[in-house]
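Q: I would like a close look at a single part of this model, with the reasoning spelled out.

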Amino acid sequence: MTGTSAVVIPELPNVLSLLADSLRGTVAGNFLNSWENLFFSLFIAAMLVLAAILVSRKHEMVPGRLQNAMEILVEGLDGLVCGILGRKDGRKYLPFLGTLFIYILFMNLCGLIPFMKSATSGWSTTAALALCVFFYVNYTAVRKLGFIGYLDHLAGRPRGIMAVTAILPLMMFVLHTFSELIRPVTLSLRLRSNVWGDDVLMAVFAGFGLKGFPLLFFNTLLALLSAIVQAIVFLLLSTIYFALVLNHDDEVPAGVK
């Protein structure tokens, strides 16, 4: 008689998982297990709000370490976003895109702290972030281009003979619509899979004990680099999605500007 056994994926313990284990079988324990990622994402949000309040309250001409670090981060994000969207649109969407980057970055880094966890290792968190980008981008597209202009954008902007051949514009419309719908899936899975994979590797190497310490140390450095890179990738892709719907000045007919 043969049976199948479930594959147990190793995971480093965190404060909530340890607390949930001590309350195993209770309503509170099940609640902590179910909403673990939400707790850590809210914790990071609270810490970022607190840091923003401290920096804004103690704003000085000669910045301290915290203020200096925040200013360097904001200036870097401003240069990156404005370099893609232009200064006018870049400054308009920088608060959303910059907040998104900082939030994701610190959620990624949170998993490198002992007894903490990266909320971005769960698909529920990354899917929510990707859906925010999806709805904001499409809202921006409809608001800028109008509903008919947005449909024209999805159809590939058929002009001339392409406009009278219904097959090609229809094919482009289907392809572009599918591309728009698949973006939040790929955007969220890319971030979740990379962060989750780093967490699993750290748990595996930690399970080796002292023998695995060199591998754990090396993997922690890679996970640190990956946490930064994945936040940048999410920011760049989100910014590009905005650029694709904002850079349509050439579509405005002459004399209409």
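Which residues of the largest nonpolar core touch the most other members? Please begin there, and then follow one of the contributing helices in detail.

A: This is a predicted model, and what follows should be read with that in mind. The largest nonpolar core has 39 residues, and the ones that touch the most other members are L85 and F234. Helices α1, α3, α4, α5, α6, α8 (residues 167-206) and α9 (residues 213-246) each supply at least two residues of this core, and the largest share, eleven residues, comes from α5. Leaving aside residues up to four places away in sequence, F234 touches L100, I104, L129, A130, V133, L187 and L191.

The setting for this core is a chain with nine helices and zero strands. Of its 257 residues, 36% count as buried, and among contacts with a separation of 6 or more, 67% join residues that are 24 or more positions apart. The chain exposes about 15800 Å², of which carbon and sulfur atoms supply 72%.

The helix to follow in detail is α3, which takes in residues 36-57. Its 22 residues, at 1.5 Å a residue, should span 32 Å, and because the C-alpha atoms at its ends are 32 Å apart, the model agrees with that expectation. The buried residues of α3 are E36, N37, F40, S41, I44, A51 and V55. Because these buried residues cover an arc of only 135 degrees around the axis, they lie on the same side of α3. The general background is that an α-helix has 3.6 residues a turn, so residues three or four places apart point the same way. On the other side of α3, S56 and R57 are exposed.

As for what covers the buried residues of α3, the cover includes α1 (15-22), α2 (27-34), α4 (65-85), α5 (87-110) and α6 (123-154). Among these covering helices is α1, and one residue found in α1 is S22. With a relative accessibility of 54%, S22 counts as exposed, because exposed means over 50%. The side chain of S22 also reaches the backbone oxygen of L19, at 2.6 Å.

Taken together, α3 has its buried residues on the same side, with α5 included in what covers them, and α5 is also the helix from which the largest share of the nonpolar core comes.

Technical notes. Residues are numbered from 1 along each chain as its sequence is written. This is a predicted model: local features need pLDDT of at least 70, side-chain atom pairs count only at pLDDT 80 or more; totals for chains, interfaces and linings use all residues. Side-chain values use heavy atoms; hydrogens and water are left out. Helices (H or I, at least four residues) and strands (E, at least two) are DSSP runs, numbered from the N terminus. The expected span of a helix is 1.5 Å times one less than its number of residues. Buried means under 20% relative accessible area, exposed over 50%, partly exposed in between (1.4 Å probe, protein chains only). The arc is that of the directions from the helix axis to the C-beta atoms. Contact means heavy atoms within 4.5 Å. Accessible areas come from the Shrake-Rupley method with a 1.4 Å probe; for residues, only the protein chains shown count as cover. A nonpolar core is a set of buried Ala, Val, Leu, Ile, Met, Phe, Trp, Tyr and Cys residues joined through side-chain atoms within 4.5 Å. A polar contact is a pair of N or O atoms within 3.5 Å; within protein, one must be able to donate a hydrogen and the other to accept it, and residues adjacent in sequence count only if both atoms are side-chain atoms.
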